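Let's walk through this model together, starting with how its parts sit against each other and then zooming in on a helix pair.

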Amino acid sequence: MKAIKTGNNQYLKELNKAIIMDLIRTSEGISRKALADKTGLSATATGTIVSSLLDDEYIQEKGLGKSSGGRKPVILELKPRSYFAFGFDIDSHCLYTIVMDITGDVIYKRKRENQNDFTPQQAIKTITKEYTKAVTKLKLSEDKILGVGVSVPGILDIVSKKIILAPNLGWSMVELLEPLKSALDIPVYLDNESMCSASCENWLGLCKDVEDFICINIESGIGSGLFLRGKAYRGISGSAGEVGHIPVNESGPVCKCGNVGCLETIASINGMVARANKSKKNNHDIGKTFNELLKNAREGDEECLRVLKEGAVSLGKAIAYLINTINPQKIVLGKRFPDYSELVIDVIRKTAKKYALTYPASQSEIIPSSFGEDSSALGAAIIPIRKLFGR
Ligand SMILES: [Zn+2]
């Protein structure tokens, strides 16, 4: 990324600072001269920005690099444990908290269970409490906290960030951003849960250098976050990625959205548990939990294996539609999926290959996420960090 050389206003200074920071982040060690070469800025201008970043402790000197004739250059890197960001993920029955430093290292992680679904007021109160608890425990100085990102399982208005609908929380038209800003007195950012997971894969995970990918979250429902040409894609009103409502079976169960046979009625955690419980052939009472279903499946229970396989076939078909429409390089399956990936991934890959066009299918890789249930909280913490790097 080239820096902008003309103009002297604050905006351009900040922009060039962000460009230099991002080069330091992505190169994992770079000299002042290399920074000047890559940005097109003069050695003096680069030196001034680097000095200010060193003074503010965003970066540090790592040691000496290889000489290309003259003196050995000093190598610069991001300074670990210097600035921090918070990420919260509001799930229906629990709140995940992550604290991350600017290098992406997680220094604090907590999962707090809630007896019932969070109301908006409870969510605000719990986030405030957990924030204060972590700040005290980690002895963080407030001027080192870049901000708070919050992941919400629902559709957000693209401009106002008002929560239009969060079906699993039973929320509609909820204002969370302003009350949280007032309660925490720090920059707060909201985003959709699946988009947070996609952002996590893009910043830290399997899609670091991938421009076009989809991250599909399998949990109580199914949602996805899309990155196209290296940028988050949200559609005109912010609801892009609602793949859970792709119709996959005309005679399937009725979905919460009112339609019949949506993907999430067959392939989500709740959908699979409901189907396993409904099965008359099932000799075991699998109870309410997906873990029971998995345990029985691993012990060879045919009905539980059938339910998982049907979910996998439906997911494979939906992925085939996505491959044909979007032509992505990677499809990452996250949240609860890594817990049972080994039982179904081959079926998903085989089905997607069978139904998708041969050429785009041969270019797409279907892989389980390595973050599991933490991906949305991690992605939420990345929102304030991304801004530092102009991303
Ligand atoms: Zn639906």
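**Domains, then helices**

Start with the big picture: in this predicted model, the centres of domain 2 and domain 3, taken over C-alpha atoms, are 26 Å apart. To place those two, note that the protein chain splits into domain 1 (10-78), domain 2 (84-200 + 375-388) and domain 3 (208-370).

So much for the layout; now for the contact. Where domain 2 and domain 3 meet, 14 residues of domain 2 are in contact with 19 residues of domain 3. Which elements give two or more residues to the domain 2 side? They are strand 8 (155-156) and helix 6 (193-203). Helix 6 supplies the largest share of that side, with 6 residues. As for chemistry, the domain 2 side that touches domain 3 divides into 6 nonpolar, 6 polar and 2 charged residues.

Next, have a look at helix 10 (residues 302-326) and helix 11 (residues 341-355), whose axes lie 7 Å apart and make an angle of about 40°. Angles from 65 to 115 degrees would count as roughly perpendicular and those under 35 degrees as roughly parallel, so helix 10 and helix 11 come out as oblique to each other. Their crossing is right-handed.

If you want to pick out the side chains, helix 10 brings residues including Leu308, Ala312, Leu315, Ile319 and Ile323 to the contact, while helix 11 brings, among them, Leu343, Val347, Ile348, Thr351 and Tyr355. Taken together, the residues of this helix 10 and helix 11 contact divide into 13 nonpolar, 2 polar and 3 charged.

How values were computed
Residues numbered from 1 in each chain as written. Predicted model: local features only at pLDDT ≥ 70, side-chain atom pairs only at ≥ 80, totals over all residues. Domains from an automatic or database assignment. Contact = placed C-beta atoms within 7 Å. Helix = DSSP H or I, 4+ residues; strand = E, 2+ residues; numbered from the N terminus. Nonpolar A, V, L, I, M, F, W, Y, C, P; charged D, E, K, R; others polar. Axes fitted to C-alpha atoms, helices over the stretch in contact; angles between N-to-C directions. Parallel < 35°, antiparallel > 145°, perpendicular 65-115°, else oblique. Left-handed = near helix turned anticlockwise from the far one by under 90°.
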